[in-house]
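Q: Could you take me through one helix-to-helix contact in this model in close detail? I would also like to see the setting it belongs to.

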Amino acid sequence: MKRIILFTALAVVLSLQTKAQKGLKEGDKAPMFSGVDQNGKTVSLKSAVKAHRSVVLFFYRGQWCPYCNKHIKELQDSLNLLSGKDAYVIGVTPETKENIDKTIKKTNAGFSILQDKDDEIMKAYNVNFVMDEATFTKYKGYGINLEDNNGNTRHTLPVPATYIIDRSGKIKYVHFDPNYQKRASVKLLLSKL
């Protein structure tokens, strides 16, 4: 219960911190990127949009976030429905491979998850923000150390945004909410595919 109250209070703080972030909009050209997923497979957005009708791209904060794990689990539980609409799912996080492996263990995620090691993908989609020192210290007091989890000292996190990108490389749906407790439901994603 104490942890839920902490996350709720910190949601308000982080919402205020990320107000300046806007993310990309529907109709924008999706920035192309590539990376290596948890299985060592090179994943290219350019190739994925050519091979599938749509790509569902989502950003998540880390394996320590219960809201992220719930969202990832929901995506995994509905992966057949998403794949049935010829959608390819890609997750992006600032966390290290070891922590991505923890996410997979918690959620059974079977889709590609990429580490955004230098924050380049988050920056391209304008979802990145830096956690302030006071919030970093609070999180650390609860056993969440971004420096250990992300393998750097930048304290960068993404707004947990979700984008649907069509075959032409354009963004056709955006869920962008600085309140990390709010995520795009699978039902809504399916209706937009």
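A: Happy to: here is the contact between two helices, followed by the fold around them. Please keep in mind that this is a predicted model.

Let's start with the pair itself. Helix α3 covers residues 66-77 and helix α5 covers residues 97-107. Their axes lie 9 Å apart and meet at an angle of about 60°. Because an angle from 65 to 115 degrees would be needed for roughly perpendicular, α3 counts as oblique to α5. The crossing of α3 past α5 is right-handed.

Now for the side chains and backbones that do the touching. On the α3 side you will find N69, I72, K73 and Q76, and they meet T103, K106 and T107 of α5. By residue type, this contact comprises 4 polar residues, 2 charged ones and 1 nonpolar one.

With that contact in view, we can step back to the chain. The protein chain has 193 residues, and 53% of them count as buried. Its secondary structure consists of 9 helices and 9 strands. Among contacts with a separation of 6 or more, 74% join residues 24 or more positions apart.

The largest nonpolar core is worth a look too. This core holds 57 residues, and Y125, Y163 and I165 have the most contacts inside it. Y163 gives a good sense of the surroundings: leaving aside residues up to four places away in sequence, Y163 touches G23, L24, V55, V56, L57 and F59, as well as Y125, V127, I171, Y173, V174 and F176. One of those partners, Y125, is itself among the residues with the most contacts inside the core.

How values were computed
Residues numbered from 1 in each chain as written. Predicted model: local features only at pLDDT ≥ 70, side-chain atom pairs only at ≥ 80, totals over all residues. Heavy atoms only, no water. Core = buried A, V, L, I, M, F, W, Y, C linked by side-chain atoms within 4.5 Å. Buried < 20%, exposed > 50% of the residue type's maximum accessible area, 1.4 Å probe, protein only. Contact = heavy atoms within 4.5 Å. Axes fitted to C-alpha atoms, helices over the stretch in contact; angles between N-to-C directions. Helix = DSSP H or I, 4+ residues; strand = E, 2+ residues; numbered from the N terminus. Parallel < 35°, antiparallel > 145°, perpendicular 65-115°, else oblique. Left-handed = near helix turned anticlockwise from the far one by under 90°. Nonpolar A, V, L, I, M, F, W, Y, C, P; charged D, E, K, R; others polar.
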